Amino acid sequence: MKHELWSRTWRVRLRRRRLPAPLDLPVTTIVWKAQGPRRPGYALGLRSRARVGLWGGVCGALVLLLALAWLAAPVVHADDLDERVRQIASQLQCPVCQSVSVADSPAELARQMRGVIREKLERGETPEQIIQYFVDRYGEGVLLNPPKRGFALGAWLAPLALLLVGGWVVASFVRAHTRRAGAREAPDELELALTAELERYREAIRRELDDRLGELTR
Amino acid sequence: MLPLSSLGFLALQLALPVAMYAVVAGPLALRVRSMPLLLSARNGVLAVAALLTLVSATLVHAFVTHDFGVRYVAEQSSRDMPLQYIITAFYGGQAGSLLYWAWTLSLLSSAVVVLSWRSARPLMPYVIAVLMGVETFFLVVLNFVSNPLERLPFTPADGRGLNPLLKDPGMFVHPPLLLAGYMSWTVPYAFAMAALLSGRLWNEWLIVVRRWALLAFTILGAGLLMGSWWAYHVLGWGGYWGWDPVENAALMPWLTGTAFLHSIMVQERRGMLKVWNLGLAIATFALAIFGTFVVRSGILTSVHSFAVSAIGPFFFGFLALTLIASLALLFYRLPLLRDEQEFDSLVSRETAFLVNNLLLVALTFAVFWGTIYPLISEAVRNVKMTVGPPYYNQVAGPLLFALLILMGIAPLMAWRRASLGNLARSLRWPAAAALSGTMLAALAGALKPGALAGILAAVFVAATVALEFWRGIAVRRRLAKEPAAVALTRLVARNRRRYGGYIVHLAIVLIALGVIGSSFFQQQREVTLAPGERAQLGPYTIQYLGLSEYRTAEARLIRAELIAERDGKEVAQLRPERQFHKNWEQQPTTRVAIETLLPRLEDLYVVLVGWEETADGYHASLHLFVNPAVSLIWLGGLVFLVGTTITLWPQPQPARAVLRVPAALRRMAGSEA
């Protein structure tokens, strides 16, 4: 039996099979099979597995090219003095401003601090030494980035902890609620195959329903 | 004769008992089953709106007529201010902005009782009570702590004038949008509480609240974008988002609100996550109150807290009371909040929404934690510490990346149970587009891992949205035989919520690309130039021509004249300024010169930092920036508004189905009656 759906031809076949015990009953299932070219792989005469391979190959090649481009790219060093001054200054809070870094602040003091950073860099001091110099003068509050040690470590750990605990809660919640559903009706292979096959129709129906539901639920 | 402001003072006092009456009358009407009482509670809401409109009108009148006998007018305005800034001074200070909050809440409450009256009448007594309860709190603060219409014992000759930072066109829209954005999260909260109080905990409240929540999401989102725009154009540090405590406070309710808008879809369709949705509505409201409190209390130092005062304890008390009462009620109702269905599979749209919520809540928490950690540090060990942009960028970056990736996958996942094979098949095109887009970006020289990852995710989302549109159009073309353009408009018009949502996703993509471009590829230089001298920044040569001085009625302006060239061709004339406002000479403001250069989509951004007189004229110190892609953020803002407008736009009511009753039956019914 052939069936026209959208612009494709589908072969619809009825298949009789028996359900596993204890529901040992003969049932009729409907099997749809699409005919005719649709996906690019078909045009090349490739079978399903080969098509997956084609796509995998294309994606892999792109990733590879990307990696090559990355390697081939000129490495940008922060050897430019301006850039190095900026990198250090952007880690320091402008003491007379509110929530603006030394790098970004238009304030006079920030300008002087940038000058100090430049001088110290020219004298050959390391960024760590320079930052320590400002911490000694203005206190730990001058650091925009809380150090990852001591008390300030708490600033970093809490969000991470929340994400991990939250992820665990979500996962166990979903699993707990899925397992119960799964225990009721364990899908067999045929059902899974059908689910996959019917997914496309569901999508079309859902789309149609969205139209209607949008109207009805308003 | 009494000044008009006294009338407003009186109206403000009168509004308090009226609001309190509505709080009591609503639930009481339900108890004694009295429709007239319920209608009087509703009229109470409308009366509060009328009274507060009168109060606001008298305050504006006091501003416009320079009635400096009103303390707030004297503090916020002066005679020489242009009219438009005199009106914005209304919400420039603490008392006025609280009045604005209360006033807009009364207007929105009226809109709620009028527009949602029919669709949610059983909830209305409690909705009125909660809305007016919040209103009562603000009216108490306005009447007893921070009264905008309080009169001074004498009338000064002139006022102090508005902080010059606030004298900017951005001021017309940014603060009112932001405050209204905070305010409008009261409505979802009121409906959530009404559902809890009445025990009507099925989807009824959600379906009504959806549009109000969407409205709040739109207003607050627009407020955030306008805030960035204002910061970019006025503050003069080359950026638009500084992870400042006040910005964070505004971002947090928007994030939890976004989570709410997504997770209510799960409850609508599948009857799950009921407790979670109620919790999100409560949390969003609490964060909105926290935001108002942060802006207005000065508890966290910030560029935005222009007023510091005694309202802190009031807000803190209200916040604590709200949270404790709401959570206690939620706990009390837990037995009624059983989920109706279970998850069918780990791979489903439901799970995707759960992960989306997890990421948004984690992001909110990270922002919250970073904002209050300095306070904790000071309280616990008495050491000042700072949590600044590098922290937020490191924490928020990966979370935003994960959110984007999820945004690319989730729309293609089926509800209940997505088959992995189908999902993978659907994802081929977006994945290929994302990889190609990243390749192109890499070839164009965007060789920074973070930026490439961001571009990958952004293109991925855009491709998914495009695929969804394409599929929808293809279905309509096949089934209804419509041409593509017609199919597109009908598709969007018939599913405003879904496709409007996708357009909002596109807006997020544009904003993400703008943020990636400007934060990874900004170039900048500080230079001091003599007249005629040139400086090179990236591909641009910037020539300084000279300095000039202007005077207006209220300010002295110093302006630098610059010409920007690229490949020997003039591309822009730039005129950055420094402004010294009367009464605020110690706080000169900067007027940034910004020129968006189209083919490369870069902003030339020049700040006049200072100048020095020498023998050969004025030397100017300039801060030069090249900010790539920032205009994409503003474009994204427009797309955001388009998307939310489509989603909010009322869908035409479906034609009512007419049931034809056979004549015989009709006769029978007639004879019975």
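**Reading a two-chain predicted model**

User: Which helices and strands should I look for in chain A, and how many of each are there?

Analyst: Chain A holds seven helices and three strands. Keep in mind as we go that this is a predicted model. Reading chain A from the N terminus, the order is β-β-β-α-α-α-α-α-α-α, with the strands ahead of the helices.

User: What share of the residues in chain A is buried?

Analyst: A residue counts as buried when its relative accessible area is under 20%. In chain A, 28% of the 218 residues are buried. The accessible surface of this chain is about 13,800 Å², and carbon and sulfur atoms supply 61% of that.

User: How do I read the contacts in chain A, and what percentage joins residues 24 or more positions apart?

Analyst: Set aside pairs that are close in sequence and look at contacts with a separation of 6 or more. Of those in chain A, 38% are between residues 24 or more positions apart.

User: Let's turn to chain B. How many helices and strands does chain B have?

Analyst: Chain B comes to 20 helices and 10 strands. Its radius of gyration is 28 Å, close to the 26 Å that the globule rule gives for 673 residues, so chain B is as compact as a globular protein of that length. You can also follow its C-alpha trace along the principal axes, where it spans about 110 × 75 × 60 Å.

User: And what do burial, contacts and surface look like in chain B?

Analyst: Buried residues are 59% of the 673 in chain B. For contacts between residues at least 6 apart in sequence, 72% join residues at least 24 apart. The accessible surface is about 27,000 Å², with 66% belonging to carbon and sulfur atoms.

User: How many positive and negative side chains does chain B have, and how far apart are the centres of the two sets?

Analyst: Chain B has 53 positive and 36 negative side chains. The centres of these two sets lie 17 Å apart.

User: Which residues of chain B have a positive phi without being glycine?

Analyst: R33(B) and H66(B) are two to look at, each with phi near 55°. R33(B) sits in the loop between α1 (4-31) and α2 (35-64), while H66(B) is in the loop between α2 and α3 (71-76).

User: Are R33(B) and H66(B) buried or exposed?

Analyst: The cut-offs are under 20% for buried and over 50% for exposed. R33(B) has a relative accessible area of 75%, so R33(B) is exposed. H66(B) has 18% relative accessibility and therefore counts as buried.

Terms used: Residues are numbered from 1 along each chain as its sequence is written. Chains are lettered from A and ligands numbered from 1 in the order in which they are written. This is a predicted model: local features need pLDDT of at least 70, side-chain atom pairs count only at pLDDT 80 or more; totals for chains, interfaces and linings use all residues. Side-chain values use heavy atoms; hydrogens and water are left out. Helices (H or I, at least four residues) and strands (E, at least two) are DSSP runs, numbered from the N terminus. Buried means under 20% relative accessible area, exposed over 50%, partly exposed in between (1.4 Å probe, protein chains only). Contact means heavy atoms within 4.5 Å. Accessible areas come from the Shrake-Rupley method with a 1.4 Å probe; for residues, only the protein chains shown count as cover. The radius of gyration is taken over C-alpha atoms; the globule rule is 2.2 Å times the number of residues to the power 0.38. Lys and Arg count as positive and Asp and Glu as negative; His and the chain ends are not counted. The place of a charge is taken as NZ of Lys, CZ of Arg, CG of Asp or CD of Glu.
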